[in-house]
4 protein chains.
Amino acid sequence: MSSIALIGYGYWGKNLARNFANTENAILHTIVDFDPSRLSSATKLFPSIIVSDNLDATLANKSIDAVVIATPVFSHYKLAKAALMAGKHVMVEKPMTATVAEAEELIALAQLKKLVLMPDHTFLYTGAVQKMRQLIVAQEIGVINYYDSTRINLGLFQPDVNVVWDLAPHDISILYHLTEERPVSVTATGISHLNNGIENVAFVTLHFQSNMIAHFSCSWSSPVKIRQILVGGDKKMIVYDDNQVTEKIKVYDTGYTAKSDEEKQRILIDYRVGDIYVPKLETKEALAGIASDFIQAITTGKEPVSNWKSGLDVVKVLEAAQKSIKLNGKEIRIE
Amino acid sequence: MSSIALIGYGYWGKNLARNFANTENAILHTIVDFDPSRLSSATKLFPSIIVSDNLDATLANKSIDAVVIATPVFSHYKLAKAALMAGKHVMVEKPMTATVAEAEELIALAQLKKLVLMPDHTFLYTGAVQKMRQLIVAQEIGVINYYDSTRINLGLFQPDVNVVWDLAPHDISILYHLTEERPVSVTATGISHLNNGIENVAFVTLHFQSNMIAHFSCSWSSPVKIRQILVGGDKKMIVYDDNQVTEKIKVYDTGYTAKSDEEKQRILIDYRVGDIYVPKLETKEALAGIASDFIQAITTGKEPVSNWKSGLDVVKVLEAAQKSIKLNGKEIRIE
Amino acid sequence: MSSIALIGYGYWGKNLARNFANTENAILHTIVDFDPSRLSSATKLFPSIIVSDNLDATLANKSIDAVVIATPVFSHYKLAKAALMAGKHVMVEKPMTATVAEAEELIALAQLKKLVLMPDHTFLYTGAVQKMRQLIVAQEIGVINYYDSTRINLGLFQPDVNVVWDLAPHDISILYHLTEERPVSVTATGISHLNNGIENVAFVTLHFQSNMIAHFSCSWSSPVKIRQILVGGDKKMIVYDDNQVTEKIKVYDTGYTAKSDEEKQRILIDYRVGDIYVPKLETKEALAGIASDFIQAITTGKEPVSNWKSGLDVVKVLEAAQKSIKLNGKEIRIE
Amino acid sequence: MSSIALIGYGYWGKNLARNFANTENAILHTIVDFDPSRLSSATKLFPSIIVSDNLDATLANKSIDAVVIATPVFSHYKLAKAALMAGKHVMVEKPMTATVAEAEELIALAQLKKLVLMPDHTFLYTGAVQKMRQLIVAQEIGVINYYDSTRINLGLFQPDVNVVWDLAPHDISILYHLTEERPVSVTATGISHLNNGIENVAFVTLHFQSNMIAHFSCSWSSPVKIRQILVGGDKKMIVYDDNQVTEKIKVYDTGYTAKSDEEKQRILIDYRVGDIYVPKLETKEALAGIASDFIQAITTGKEPVSNWKSGLDVVKVLEAAQKSIKLNGKEIRIE
């Protein structure tokens with residue numbers, strides 16, 4: 001049985017609390033927040049759980065095994081480091097940290113202390129992403145040659161990070177879950193309509209050694225909400241529309257081939273447009289899956305699906321994308 | 001009465017023929033193509049029209065006033081130049097030419113000869129674009145601060161130009177029709193899945209002096225067809241979905257403002273989400289509009305909506321985008 | 001402060017509990033159910049609330065002012081009668097009772113005892129229905145001449161009532177909220193695919209003295225979920241699509257008129273197709289609205305929006321529709 | 001080679017002309033209409049075809065083999081009879097005639113004269129209906145137990161027939177093409193908002209000996225256009241949305257079963273919700289298919305898919321539906 005302290009009881013913290021309260025082999029022990037009204041709202045819903053605004057005392061509490069951090073990005077590093085230093089396993093909201101250097105330091109510390117450190121890449125636990133991975137692993141889709149995501153809506157402007165840090169972690173972690181290959185460089189452009197240096201609209205391209213390309217459109221300024229990912233393989237193509245209630249994934253038996261090199265020059269393309277297949281998806285709540293994966297990682301040592309490698313990979317791309325935006329789209333290498 | 005020769009009787013040429021045949025003060029006089037089967041199909045539909053595979057003879061024919069060119073991009077310059085040299089007014093399929101230098105030479109020639117030279121930027125004559133322009137001119141939308149277009153489908157790979165040259169001319173000409181401002185630079189990325197140097201997926205960002213950004217997603221490799229443009233103003237936002245039959249334009253009374261500079265730092269945003277308005281659009285066929293505009297330009301000297309400036313502007317962006325793609329997203333200035 | 005006992009802690013009971021727990025001037029005092037697992041789940045969420053399987057003791061409790069009944073239809077009458085006899089105000093799940101006779105008896109009893117009796121016609125408290133009523137009251141829509149509802153999905157077959165009793169109460173109560181007129185007769189058809197006499201697909205037409213018609217398509221056997229209502233006025237038409245997240249109501253400035261009697265014969269219709277308007281809707285949860293309305297009715301004597309007249313009207317139509325189905329569509333008068 | 005005379009060059013006549021002009025073994029010989037402007041428009045498009053306002057002369061022309069009738073419903077019988085009397089094969093717009101008696105007389109005459117008589121039930125030749133039939137014949141769908149069609153839009157009010165005669169022929173002919181069973185009775189309701197006795201909104205239910213039900217919603221007064229058919233089988237269900245451009249047919253691997261008779265009483269239903277499959281459809285124009293089928297019937301004697309039995313069946317249901325509407329939904333038997 002693992003005893004959990006949750007730090008941060010905002011919008012996402014509430015979802016985490018509800019899920020950890022229902023996770024087998026987990027006890028939601030303490031909720032920490034500095035806003036008294038949030039703590040009283042936590043008490044109303046979970047009368048038996050300790051609420052506190054004292055972080056140090058919470059981390060010093062020997063009966064707490066693990067800490068779940070759901071606070072703004074700039075605070076992730078400091079809080080996760082303190083928790084690891086206090087010997088607690090850590091799950092931290094995405095993105096894991098605000099810089100690659102911070103991520104690397106936390107990872108080294110977790111390895112030294114033999115503690116679990118994992119980011120909360122929730123989407124990896126959705127039925128839709130699981131199904132896409134199954135299809136790709138089963139070689140139904142073929143070699144992936146593009147990933148194109150549109151993730152736009154009228155979003156809350158965040159005070160410490162731009163729209164790429166807010167929305168692209170979903171896509172980077174999903175993309176890395178679907179393919180083995182890692183990008184060699186990143187190109188990004190964006191704009192801050194409030195002129196405060198924090199972009200609210202941004203576009204990111206990932207370049208690969210192979211013939212693959214990935215692109216993310218991110219916006220807090222769209223009047224319509226779109227959550228759509230296209231995954232193109234050389235056998236089939238997938239459209240993942242997360243706004244759909246039941247038909248999120250469509251698999252298109254669609255493609256084109258050039259028969260010979262000579263034909264490539266003349267662009268003689270054979271098109272194939274076939275049936276579409278809408279697979280039934282697992283409907284278990286994704287947050288329940290990640291909560292359970294965290295507890296298993298703690299108790300059995302199993303590597304979680306959303307692990308520190310994924311956390312580091314995401315921060316590397318975000319850091320490069322931000323650098324590229326500030327340099328008007330200059331290509332930034334990822335080593 | 002203007003007598004027209006149409007060069008190129010492929011997919012788009014057929015649409016042009018049908019429209020010029022129905023345009024007031026125009027006579028469709030001759031159709032030129034080098035494919036005999038296309039000529040016989042033209043004869044079947046237009047028994048009274050001359051069909052020919054002899055371009056020189058057609059251009060030498062004194063009774064022809066104007067030439068409409070609907071051939072592959074690489075041939076535009078040569079054909080348009082020959083037509084202008086022969087003293088004919090010219091309308092040419094988009095993009096107007098394959099390079100900026102070609103465009104500038106044609107423009108100089110047309111001015112010298114006092115002939116009309118116009119590109120076929122058909123979208124400027126749609127009810128949807130006309131309505132957007134009306135709303136912007138009437139200051140309903142406010143200052144435009146972004147334009148984001150997704151124009152993707154399972155498209156025919158073209159032998160001489162990449163997907164940007166095929167699809168982005170629509171967006172560049174629409175954008176320029178809606179705003180006065182011109183970009184200072186272009187950033188673009190893309191990939192050729194056939195490894196023949198002709199990109200089938202590409203992403204283009206336009207940078208401006210002001211706080212505006214424009215972005216185009218172009219793809220011939222999407223299993224779903226999307227034709228969607230977002231135009232964000234500081235008063236209202238427009239979504240233009242060209243796949244809709246009747247409700248193409250939606251105007252969102254939606255926005256956000258930061259009240260003071262201090263608040264900007266703290267990102268205290270006032271959100272406003274209001275009603276949506278779906279204006280009724282003019283349903284006249286756009287090609288009929290541009291055909292009539294060409295005839296008027298010839299007979300009255302009136303500048304057409306789709307004019308040579310627009311033609312040149314489009315080619316400038318296309319040339320810069322292509323350069324940027326080949327340099328992995330390097331920013332290319334537009335002078 | 002009104003003290004509430006909730007009878008029935010199934011799917012809908014849980015929603016009622018959550019809302020009454022948050023309603024001003026209300027205390028959720030007791031939850032009654034005969035299923036121990038439901039009671040323990042209630043205790044987990046509401047540790048301070050009494051749970052009980054003893055209905056008589058609950059009704060005998062002097063500190064309880066009102067009873068909310070969320071049980072199967074066949075039990076409504078017995079439970080509501082017992083509650084009224086015990087001097088409690090009563091809100092009862094829709095439809096209010098299983099027969100008109102039962103409804104009339106409960107109404108007489110409530111009037112005698114000067115107690116509130118109201119059905120839970122939740123939809124009357126949605127932003128969408130409120131907006132439709134505002135538009136109609138403001139004479140934006142004109143004279144209503146049809147109401148056509150499609151309410152179909154893969155629904156749970158109910159053991160005691162057919163699909164009309166399950167789904168049509170929503171439409172009857174909405175229709176009656178939007179227009180003053182009451183139907184003179186009902187025609188209905190349907191089928192029971194399980195051959196148990198309980199129809200899972202049914203179609204109901206309401207006939208009026210005026211030139212209005214209303215029709216409801218009800219099905220538990222559709223693979224797609226549709227919740228769509230068309231309201232046609234002689235000035236404008238409304239489409240209410242409850243599956244939409246944000247754009248539920250569309251008002252079409254669309255119509256037709258016959259200019260003269262002679263023209264009517266020749267059917268010379270003037271069509272008008274104008275703009276569409278998507279009004280912003282109140283987003284407050286409807287159940288919170290009805291809970292608060294019940295408490296106000298108890299404390300101030302104000303008539304609730306969802307009142308016993310509406311409850312009786314609904315049951316009258318349901319009873320007539322059922323009779324008509326069993327007689328293969330025979331017209332049944334409503335007195 | 002069959003020589004065709006087309007009678008009626010209105011909206012649908014133009015489509016028929018274009019298709020017969022392109023049909024193998026057919027020659028579009030003459031177009032008859034009484035409106036001179038229509039005839040001159042026909043001449044413009046088909047300069048080599050004879051146009052005429054003289055019906056008798058056309059029917060007397062020995063070089064004409066067959067007549068295609070695309071005129072208002074009330075004229076079908078008279079025109080078809082004259083054509084058959086003149087020894088011409090006949091294809092007639094749907095519905096075949098305005099009464100069952102007329103249909104029966106034409107059928108007897110065609111049999112006597114050994115001529116082809118077929119209605120233009122175009123939908124039977126669409127890729128969507130062909131695919132549905134294939135799936136049903138292959139026993140993929142199981143026993144059909146409901147057919148529910150919604151066919152509504154802002155339609156042209158017709159001078160001689162109500163909305164059921166205009167729109168329901170599509171559904172009746174499709175339904176009969178998909179199942180062998182014929183209805184025992186019809187129930188229908190409707191209203192005429194112009195008070196001229198011609199209903200613009202109507203609802204029709206077909207009752208069968210078996211456990212099947214069919215229902216059609218027909219309206220000329222809906223601001224939105226819907227063309228949707230649900231076909232429920234006991235194995236799978238089909239949704240056919242004709243407004244979709246490419247994904248018209250969706251097959252849902254969805255169902256429910258009651259395990260035993262005792263369970264039926266207690267309504268223990270096993271639900272099954274599985275994958276969805278969107279088959280690729282034949283995209284050949286349906287009118288080309290029916291034109292070719294007519295020519296084959298003439299030249300080879302093969303029975304066309306849209307044959308006189310289907311034509312008669314449709315008129316029987318229409319006549320019964322009209323009778324039922326006038327009697328407020330009274331059940332009308334079909335012998």
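How many bridges join strand β1 (residues 2–7) of chain A to strand β2 (residues 26–32) of chain A, and in which direction do the two strands run? The model is predicted, and the answer can be read from its backbone: six bridges join β1 to β2 in chain A, and the two strands run parallel.

## The parallel sheet of chain A

The pair β1 and β2 belongs to an open sheet of six strands in chain A, in the order β3-β2-β1-β4-β5-β6, with parallel pairing. At the edges of this sheet stand β3 (50–52) and β6 (117–120) of chain A, each of which pairs on one side only. From one strand to the next, the twist averages 25°. In general, strands of a sheet pair through backbone hydrogen bonds, either parallel or antiparallel.

A single residue pair illustrates the pairing: S2(A) has A26(A), in β2(A), as its bridge partner. The sheet also carries a helix. Helix α4 (residues 76–85) of chain A packs on the sheet and touches β1, β4 (66–69), β5 (89–93) and β6 of chain A. The direction of this helix makes about 170° with that of β5(A).

## Helix α9 in chains C and B

Helix α9 of chain C covers residues 286–300. Its 15 residues should span 21 Å at 1.5 Å a residue, and the end C-alpha atoms are indeed 21 Å apart, which agrees. Among the buried residues of α9(C) are L287(C), G289(C), F294(C) and I298(C), together with the run from I290(C) through D293(C). The buried residues of the helix pack against several elements of chain C, namely β1 (2–7), α1 (11–21), β2 (26–32), β4 (66–69), β5 (89–93) and β6 (117–120). Just after the helix, G301(C) takes a positive phi of about 80°.

In chain B, helix α9 (residues 286–300) holds I298(B). Is I298(B) buried or exposed? A residue counts as buried when 20 or more other C-beta atoms lie within 10 Å of its own. I298(B) has 22 other C-beta atoms within 10 Å, and therefore it is buried. Leaving aside residues up to four places away in sequence, I298(B) touches S2(B), D65(B), A66(B), H89(B) and V116(B). The chain also brings together distant parts of the sequence: I298(B) and V90(B) are 208 residues apart along the chain, yet their C-alpha atoms are separated by 9.5 Å.

## A hairpin in chain C

Strands β11 and β12 of chain C form a hairpin with three residues between them. Five bridges join the two strands, which run antiparallel. One of the pairs is formed by I229(C) and its bridge partner in β12(C), Y240(C). Strand β12 (residues 237–241) of chain C has four of its five residues buried, so it is largely enclosed by the rest of the structure.

## Helix α10 of chain D

Helix α10 (residues 308–326) of chain D contains 19 residues. From its first C-alpha to its last it reaches 27 Å, close to the 27 Å expected at 1.5 Å a residue. This helix is mostly covered, as 15 of its 19 residues are buried. Just after α10(D), N328(D) takes a positive phi of about 55°.

## The contact between chains C and D

How many residues does each chain bring to the contact between chains C and D? Chain C supplies 43 residues and chain D supplies 44 residues. On the side of chain C, strand β11 (residues 221–233) provides the largest share, six residues. The contact residues of chain C divide into 20 nonpolar, 20 polar and three charged.

A turn of 180°, with a shift of 0.0 Å along the axis, lays chain C on chain D with an RMSD of 0.0 Å. The same surface serves both copies, since 100% of the contact residues of chain C recur in chain D.

## The contact between chains D and A

Nine residues of chain D are in contact with nine residues of chain A. The side of chain D that touches chain A consists of five nonpolar residues, one polar and three charged.

Chain D is superposed on chain A by a rotation of 180° with 0.0 Å of shift along its axis, at an RMSD of 0.0 Å. This is the relation of a two-fold axis. In chain D, the C-alpha nearest the axis belongs to Y277(D), at 2.3 Å from it. Here too the same surface serves both copies: 100% of the contact residues of chain D recur in chain A.

Conventions
Residues numbered from 1 in each chain as written. Chains lettered and ligands numbered in written order. Predicted model: local features only at pLDDT ≥ 70, side-chain atom pairs only at ≥ 80, totals over all residues. Least-squares fit on C-alpha atoms with pLDDT ≥ 70 in both. Contact = placed C-beta atoms within 7 Å. Expected span 1.5 Å × (residues − 1). Buried ≥ 20, exposed ≤ 12 C-beta atoms within 10 Å, placed from the backbone. Nonpolar A, V, L, I, M, F, W, Y, C, P; charged D, E, K, R; others polar. Pairing = 2+ DSSP bridges. Axes fitted to C-alpha atoms, helices over the stretch in contact; angles between N-to-C directions.
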